[in-house]
Amino acid sequence: MTEIKVLGTGCANCKATQKLIEDVLAAKGIAARVEKVEDIPSIMKYGVLSTPGVVVDGKVMHAGGVPSRAQVESWLAGRS
């Protein structure tokens, strides 16, 4: 199962990013575990200095600002 982490302290952009990811997962019928990481030391372990950050299966895919729907779809392409 795909594991997705949304890194951020709970700002509006972090919440929008998490909702966007969940919407894409639902639309594509992809099963994934989405986890919100709000702990600053945990976020720093990924080297993300600007939130929101997105980690898919252990790889940082995005940092800073809300990603586009097309970006999220590209990260999840080929996953089920």
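Helices here are DSSP runs of H or I with at least four residues, and strands are runs of E with at least two. Counted that way, this predicted model has 3 helices and 4 strands in its protein chain. Follow the sequence along and you will meet them in the pattern β-α-β-α-β-β-α. The radius of gyration of the chain is 11 Å, close to the 12 Å that the globule rule gives for 80 residues, so the chain is as compact as a globular protein of that length. Its C-alpha atoms fill a box of roughly 30 × 20 × 15 Å along the principal axes.

Now for how the chain comes together. Among contacts between residues at least 6 apart in sequence, 66% join residues at least 24 apart. Of the 80 residues, 32% are buried.

Thr-2 is a good place to look closer. This residue sits in strand β1, which spans residues 2-7. Its relative accessible area is 6%, and because buried means under 20%, Thr-2 counts as buried. Leaving aside residues up to four places away in sequence, Thr-2 touches Ala-31, Ala-32, Arg-33, Val-56, Asp-57 and Arg-79.

Let us turn to a pair of helices. The axes of α1 (residues 12-28) and α3 (residues 69-76) come within 10 Å and cross at roughly 55°. The two helices are therefore oblique to each other, and α1 passes α3 in a right-handed crossing. On the α1 side, Leu-20, Ile-21, Asp-23, Val-24, Leu-25, Ala-27 and Lys-28 take part, meeting Arg-69, Val-72, Glu-73 and Leu-76 of α3. By class, this contact has 7 nonpolar and 4 charged residues, with no polar ones.

Key: Residues are numbered from 1 along each chain as its sequence is written. This is a predicted model: local features need pLDDT of at least 70, side-chain atom pairs count only at pLDDT 80 or more; totals for chains, interfaces and linings use all residues. Side-chain values use heavy atoms; hydrogens and water are left out. Axes are lines fitted to C-alpha atoms, for helices over the stretch in contact, and angles run from 0 to 180 degrees between N-to-C directions. Angles under 35 degrees count as roughly parallel, over 145 as roughly antiparallel, 65 to 115 as roughly perpendicular and the rest as oblique. A crossing is left-handed if the near helix is turned anticlockwise from the far one by less than a right angle, and right-handed if clockwise. Contact means heavy atoms within 4.5 Å. Ala, Val, Leu, Ile, Met, Phe, Trp, Tyr, Cys and Pro count as nonpolar, Asp, Glu, Lys and Arg as charged, and the others, Gly among them, as polar. Buried means under 20% relative accessible area, exposed over 50%, partly exposed in between (1.4 Å probe, protein chains only). The radius of gyration is taken over C-alpha atoms; the globule rule is 2.2 Å times the number of residues to the power 0.38.
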